[in-house]
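Please open the structure in the viewer and display side chains as sticks. The tour below moves from one selection to the next.

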Amino acid sequence: MDIALLIIGFLFCVLGVVGSFLPVLPGPFTSWIGLLILHFTDAITENWTFLGVTLGISIIVWALDYIVPVMGTKQFGGTKYGMIGSSLGLIVGIMYMGPFGIIIGPFAGAFIGELIKDSSESSKALKAAFGSFVGFLAGTFLKFIVSIGFLIFYFIKISENWEGLF
């Protein structure tokens, strides 16, 4: 049973890393679930302080993921239309352009969203789109770093308890 839990926990950690790029999956929280599953094995002792701190980090990053792009858009003069366009652009970009859609989609979506709000100000729309793009990249980078950190913690926990697992 421990081997099955190890595999499932690892899959959740990897899914969390992938989820840091996809808006439908909460990356760090998914990776945290992998850490939680790892602590259900018989060989790894339950460390509720560790799990509590990492859960707190994943919740903070989840909240920041919604705040950082808004701050980026507002900092560059964008509106709610730019934020909605950025989110929709990300989804459409991923579906039709794969990995390149992660970069192009939010920018194009924010630009189109700002143009829908005020089509006479294309330079303002471009600036807001850039702000949305910078905010999206900052949020994604933060989620990716935390998810990778949780994956590293996963391997550290396994290496510390290697004898008990195998």
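Over the ring of which residue does the charged end of K157 sit? Select K157 together with F50: the charged end of K157 lies over the F50 ring, 4.5 Å from the ring centre. The model is a predicted one, and the positions described here should be read accordingly.

Next, consider the aromatic pairs, of which the structure holds seven. Begin with F10 and F155, a tilted pair whose centres are 5.9 Å apart and whose planes meet at 55 degrees. This pair joins distant parts of the chain, since F10 belongs to helix 1 (residues 2-19) and F155 to helix 6 (residues 122-160), a separation of 145 residues. F10 has a relative accessibility of 32% and therefore counts as partly exposed. F155, at 43%, is likewise classed as partly exposed.

Now return to F50 and add F153 to the selection. Their ring centres are 5.4 Å apart and their planes stand at 85 degrees, so the pair is edge-to-face. Here too distant parts of the chain are linked: F50 lies in helix 3 (residues 48-75) and F153 in helix 6, 103 residues apart. Is F50 buried or exposed? With a relative accessibility of 15%, F50 counts as buried, because the cut-off for that class is under 20%. F153, at 35%, counts as partly exposed.

Finally, select F10, Y154 and F155 together; these three residues form one aromatic cluster. The tilted pair of F10 and F155 visited earlier is found here.

How values were computed. Residues are numbered from 1 along each chain as its sequence is written. This is a predicted model: local features need pLDDT of at least 70, side-chain atom pairs count only at pLDDT 80 or more; totals for chains, interfaces and linings use all residues. Side-chain values use heavy atoms; hydrogens and water are left out. Rings of Phe, Tyr and Trp (its six-membered ring) pair if their centres lie within 6.5 Å; planes under 30 degrees apart count as stacked, over 60 as edge-to-face and the rest as tilted. Helices (H or I, at least four residues) and strands (E, at least two) are DSSP runs, numbered from the N terminus. Buried means under 20% relative accessible area, exposed over 50%, partly exposed in between (1.4 Å probe, protein chains only). A charge sits over a ring if NZ of Lys or CZ of Arg is within 6 Å of the ring centre and within 35 degrees of the ring normal.
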